[in-house]
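Work through the exercises below with the sequence and the 3D view open beside you. Try each task before reading its solution.

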There are 2 protein chains.
Amino acid sequence: MRLLDAGELPLLDILRRRFGKRAPGLILGIGDDSAVIKPRGRNLLLTTDMMVEGVHFDLAWITPFQLGYKLVSVNVSDVYAMGGRPEYMLLNFAARRDFDLEKFYSLFDGIEAALNDYKLALVGGDISSADKVVLSATLVGSASKYLGRGGAKPGDLIYVTGSLGDSACGLRILREMNRSVEIEKGKKSRFGPGWETTGPLIRRHVMPCAVKPDRFLRKATAMIDISDGLFIDLSRLCRESKVGARIYAGRVPISAEMKKAADYFRVDPLALATGGGEDYELLFTAPAGKKVDAHCIGEITKAGLRLIDKDGKSSRVPIKGYQHFAY
Amino acid sequence: MRLLDAGELPLLDILRRRFGKRAPGLILGIGDDSAVIKPRGRNLLLTTDMMVEGVHFDLAWITPFQLGYKLVSVNVSDVYAMGGRPEYMLLNFAARRDFDLEKFYSLFDGIEAALNDYKLALVGGDISSADKVVLSATLVGSASKYLGRGGAKPGDLIYVTGSLGDSACGLRILREMNRSVEIEKGKKSRFGPGWETTGPLIRRHVMPCAVKPDRFLRKATAMIDISDGLFIDLSRLCRESKVGARIYAGRVPISAEMKKAADYFRVDPLALATGGGEDYELLFTAPAGKKVDAHCIGEITKAGLRLIDKDGKSSRVPIKGYQHFAY
């Protein structure tokens, strides 16, 4: 069966029945010209992201379920990065008219799994035809107090919440394997250094989990999620805060799995960890002297971005990361 | 110059400077992980729409300025259709890396013109690369009281706010001409029945204006905007209200221009007016006996959708309109 065989109106009905659940504060969900919500919390957070086949993902390497899950995670990460709580999601989906119906349902299975994990409600959106699969999601969240990128002060320490570069390394593995792995069904796949190494890295790429900042939120002075790469996102935080930063190469958290896979590929793990992107870990700053449950990787300075290598040598931070319009 | 030559980060900076204005209730606009707003009004309205090149528009027939303007109108129409006031917009834009920079700016000129017309603020979004131009917008509006599709009662009269089929006819003209017309710069173009006829129709297609329901809002019992075609959108309203409808063919408002162009093309003006789509007029119901400033086209019945022709003959309403996944 193809989308064409099911028909647009029946598909919208199916989605409406499936996602038309009650949710706190939701007055009117899927099915009218707009959704209606009763805003809670003092601040409302709004964020949106688009994912285009062939640019953001390749259906040869990611399953529809994973894609749906990832789309939600990526948007939730932006709300968490502001110290907010995700509440409602709107979704636009476009695909070829002969797109497989099973895959369509599987994509929405992944979306539903993520909605449940993050306690979010799908309240609106649309489906349409297109040459390629295109997804865009908008998330509405709430926060009694929000945390932006602009509050870092010289002397603050710089933290990340988890190992970096795993996702970029996972993508590299998928590219080499040139197939997807149904991790969500417990499937494994043989490749190079073995599933114990590659499995966690692939999972980080295809089904990233957004990180909740609750455990350190009150101590943090500025925050951003790492989506394009540590260095590029650090430079954004520094720019908004009008400060510089010093990063210690030896302190950037790198997982044992990534190290092993990077060795296999003969690439520098630090390059993957600092420029790879799609980590969806949080990068934040907090005053020195506070006990913070995260990896300290450096400190905020007055100006300039410097990388200190294991021998104590300082160099300018290369601002590398994913840019859509760049050579 | 191409987008590639400008670079993603500089482009985002330009958009941020251009659209980073203050707006009522806006705490934090473009430039962080999420926008932050202070919600006003008792109900918050959320709606989203996607437009894909080759599916929703053809850049041979619509200028980038018009496309930007239309994207905003289409979304505003959904908020108006709920009786709300549009307040904030989020935008995702994707295009080929070699997309012309002038066209990119022109698209945002059109978006800005519409934002000003509707008194809206652009508060966030993203740009990325893709094979085709893809736009998605999310609108946040507010309403002290909202009006859905579900409140029509048997005996209510059915109204539309303006002539129908003009947009579909305008598209037909553009297709025949196979070029775009820079109406926004006062340009005209010769074709068939002449600019006095074709100009208003083309404008309705490429730069539709969303219709504010203020003048009849308190009298209306149910409302929807006509985006896919009168009959398909009427059937949606009736379904949500669990009612039927009787439409009088002779009362469907058809403009003199559309009538003339339809004669030229030898097509039935009523078919364009009832199945054409992209009208962005409002379709609503109100109790009989109320004075309503709109075109009355029929009445709500208990069940069934009937069309009464000029001779009084009744037939089943053909539910025709644009469906993405249909034969």
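**Exercise 1: a histidine and its surroundings**

His324(B) is buried, having 22 other C-beta atoms within 10 Å, where buried stands for 20 or more such atoms within 10 Å of a residue's own C-beta, exposed for 12 or fewer and partly exposed for what lies in between, with C-beta atoms placed from the backbone. The model is a predicted one, in which local features need pLDDT of at least 70 and side-chain atom pairs count only at pLDDT 80 or more, while totals for chains, interfaces and linings use all residues. Residues are numbered from 1 along each chain as its sequence is written, and chains are lettered from A and ligands numbered from 1 in the order in which they are written.

Task: locate His324(B) in its chain and find which residues it is in contact with, leaving aside neighbours within four places in sequence.

Solution. Begin with the chain itself: His324(B) belongs to the segment after β13 (314–316) of chain B, strands being DSSP runs of E with at least two residues and helices runs of H or I with at least four, numbered from the N terminus. Next, apply the contact criterion, which asks for C-beta atoms, placed from the backbone, within 7 Å; the partners of His324(B) are then Glu8(A), Ile127(A), Ser128(A) and Ser129(A).

**Exercise 2: the two chains**

Task: determine what turn and shift lay chain B on chain A, and how many residues each chain gives to the contact.

Solution. First superpose the copies by least squares on the C-alpha atoms of residues with pLDDT of at least 70 in both; a turn of 180 degrees with a shift of 0.0 Å along the axis lays chain B on chain A with an RMSD of 0.0 Å. This is the relation of a two-fold axis, and 100% of the contact residues of chain B recur in chain A, so that the same surface serves both copies. Then count the contact, which takes 63 residues from chain B and 63 residues from chain A; on the side of chain B, the largest share, nine residues, comes from strand β3 (residues 43–52).

**Exercise 3: a helix in chain B**

Task: compare the expected span of helix α3 (residues 64–80) of chain B with the distance between its end C-alpha atoms.

Solution. Take 1.5 Å times one less than the number of residues: the 17 residues of α3(B) should span 24 Å, and the end C-alpha atoms are 24 Å apart, which agrees. Finally, consider burial: 16 of the 17 residues of α3(B) are buried, so the helix is largely enclosed by the rest of the structure.

Technical notes:
Two residues are in contact if their C-beta atoms, placed from the backbone, lie within 7 Å.
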